[in-house]
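Here is a short round of questions and answers. Each answer sets a value against the rule behind a term.

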Amino acid sequence: MSSNEQQYESQVAVPHEYFHNMSKMDYNNPHVAFVRELFQNSVDAGCKNFILVFDRSTNEVVAIDDGCGMTEDIIRNRLLVMGGTHKDSQDAIGAFGHAKVLIYFSWESYEIRTNNIRVIGKSNHYSISKLDPNDVIKGTVSTIKISEEVDFDKITRCKDFFEYCETNVIITRIIIDKNGDEEFVSIFRPKLVKEICIPIESDFMSIYIGSDIGEYSNQYVYIRSNGVLMFNNWSNVLKRPIVVETKGSARDLFTQNRDSFKREYASKFQELITRINNDNVSMTNAALQNFFNKNIPTVDKRKKDGERKLKIPVENGKFISWGKTKAEWKLYFKKRKIKNIKYFMEHVVNEYKTFTNTQDDIMLGFVFDPSVDGVMVGTSNLFINPISIDLHRKNKRKMIYVILDIICHELAHFETLKHEGYSYHNEGFVGRLHKIKLLFWDVDFWYKEYKKCCANS
Ligand SMILES: Nc1ncnc2c1ncn2[C@@H]1O[C@H](COP(=O)(O)OP(=O)(O)OP(=O)(O)O)[C@@H](O)[C@H]1O
Ligand SMILES: [Mg+2]
């Protein structure tokens, strides 16, 4: 530095509009995110009640909770510090120490009352004072002034958000009109409830078929953390909503704005969406998934306990079957020919395993759901629908063709799942299907084998 050069110390300036502009750019929907982040902090604070007041007479949003509240240290060193967070636990939804920008700094002004402390602030400026002992509160009350009418209205309309959350918190919304009178009080109950677990192995999410919530909303995959909705993803093939409950640290899973997954989780999630879009009939079929949940032993369990014997009226315990009712499949099993199909199916799959030197244990079974001809569950359970086969009972050659066709299709799922970790009806799948068919597609030969099965059964 030359001797006559002058040096000035300064700081990067943060104008008041900075936070507001950043929030509008950062979030897919800053108004829903505003409600979500207020609620998220209260849920993490362990509250039992959460009240959201929309006061049209003052253009203020007030969030009240009866959670753990904050000490002055937490306020000064966590809440009102960029990137400051007090959440180290895996169970917390919050993790980034960023939401304060959206819930407090982005608007006209804010007031936070918690325990015996009051903070009054405007963007990054604030003052702190002690409350009168009579005014001490348990929990936290945040009052945010939203000067822009459009923003206030958009936030007021975000009430639906709570219907897609599933927590134990009692949520109340109060709207106060321009004259300061109470206009509307609503208590929210979760509308989207997880109903059926889809048994997919994943270290960061559990997947469920959700309750029926109406046509348009049914076409979404809802991603939640501790039951709080983070974001959703549209899928035109869905007839029932899918709920993804995430596991593990929010900091690792989500982008800071919590509007999407990050890094490898984004691609794993995309795989799930593609799978849902491709195999929606079997993946999102409530009856089918219920069956898989109840009946199919997990690989671990099978290893530990040995093959679980299922009570079915066929001799081999490895062969499982199901119908909507027990009576339904019992009736079907009375027909002798189903045994022939069973023996034939075992024969075909064993042949495939010999040809390809496959050591994997593939459990075989029947599925009686009219929406599918066959289904492969993971890499260990292959089901075919005997009713689809029975349709062709008058033409045995055609029947053999159909059985082979279904088995080859499901084996192509087996192979793609085993080698690629996922299975879509894409070109890779078709390639494998061709190879499998080339291995043993000979209807004449299998027709003779089927007759042998009939003779032996
Ligand atoms: N309603 C509340 N009750 C108790 N503590 C709260 C409340 N709101 C905020 N806090 C405290 O303030 C801290 C900062 O909150 P903020 O929402 O900015 O970040 P975060 O929740 O930690 O992370 P994220 O950015 O993911 O939301 C929290 O970690 C928590 O300790
Ligand atoms: Mg937070």
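Q: Which residues of H15 meet which residues of H17?
A: This is a predicted model. From H15, Lys 396, Arg 397, Ile 400, Tyr 401 and Leu 404 take part. From H17, Val 443, Trp 446, Tyr 447 and Tyr 450 take part. Contact here requires C-beta atoms, placed from the backbone, within 7 Å.

Q: What makes H15 roughly perpendicular to H17?
A: The axes of H15 (residues 396-420) and H17 (residues 443-456) cross at roughly 105°. They come within 9 Å. Angles of 65 to 115 degrees count as roughly perpendicular. The crossing angle falls in that range, so H15 is roughly perpendicular to H17.

Q: How do the residues of the contact of H15 with H17 divide by class, nonpolar, polar or charged?
A: Seven are nonpolar, two are charged and none is polar. Tyr and Trp count as nonpolar, while Lys and Arg count as charged.

Q: How do you know that the length of H15 is close to the expected one?
A: H15 has 25 residues. The expected span is 1.5 Å times one less than that number of residues, which gives 36 Å. From its first C-alpha to its last, H15 reaches 36 Å. The span therefore is close to the expected one.

Q: What follows H15, and what is its phi?
A: Gly 421 follows H15. Its phi is positive, near 85°.

Q: Why are S9 and S12 called edge strands?
A: The open sheet of five strands has the order S9-S10-S13-S11-S12, with mixed pairing. S9 (194-198) and S12 (228-234) each pair on one side only. The twist averages 30° from one strand to the next.

Q: What makes S9 and S10 a pair?
A: A pair needs at least two bridges. S9 and S10 (residues 205-210) have four, in the antiparallel sense. The cut-off is met, so they pair. Ile 196 has Ile 209 in S10 as its bridge partner. Lys 194 has Gly 210 in S10. A hairpin through six residues joins S9 to S10.

Q: Which strands are the edges of the sheet of eight strands?
A: They are S5 (125-130) and S8 (182-188), each pairing on one side only. This open sheet has the order S5-S4-S3-S6-S2-S1-S7-S8, with mixed pairing. Its twist averages 15° from one strand to the next.

Q: How do you know that S4 and S5 pair?
A: Six bridges join S4 (residues 117-122) to S5, and the two run antiparallel. At least two bridges are needed, so S4 and S5 pair. In S5, His 125 is the bridge partner of Lys 122.

Q: What makes H2 roughly parallel to S2?
A: H2 runs at about 15° to S2. Angles under 35 degrees count as roughly parallel, so H2 meets that rule. H2 lies across S1 (49-55), S2 (60-65) and S6 (137-145).

Q: Which residues are closest to ligand 1?
A: They are Asn 41, Ala 45, Thr 85, His 86 and Gly 94. In total, 25 residues surround ligand 1. H2 (30-44), H3 (72-79) and H4 (99-105) each give two or more residues to the shell. H2 gives the largest share, four residues. By class, the shell has 12 polar, eight nonpolar and five charged residues.

Notes:
Residues numbered from 1 in each chain as written. Chains lettered and ligands numbered in written order. Predicted model: local features only at pLDDT ≥ 70, side-chain atom pairs only at ≥ 80, totals over all residues. Axes fitted to C-alpha atoms, helices over the stretch in contact; angles between N-to-C directions. Parallel < 35°, antiparallel > 145°, perpendicular 65-115°, else oblique. Contact = placed C-beta atoms within 7 Å. Near = placed C-beta within 6 Å.
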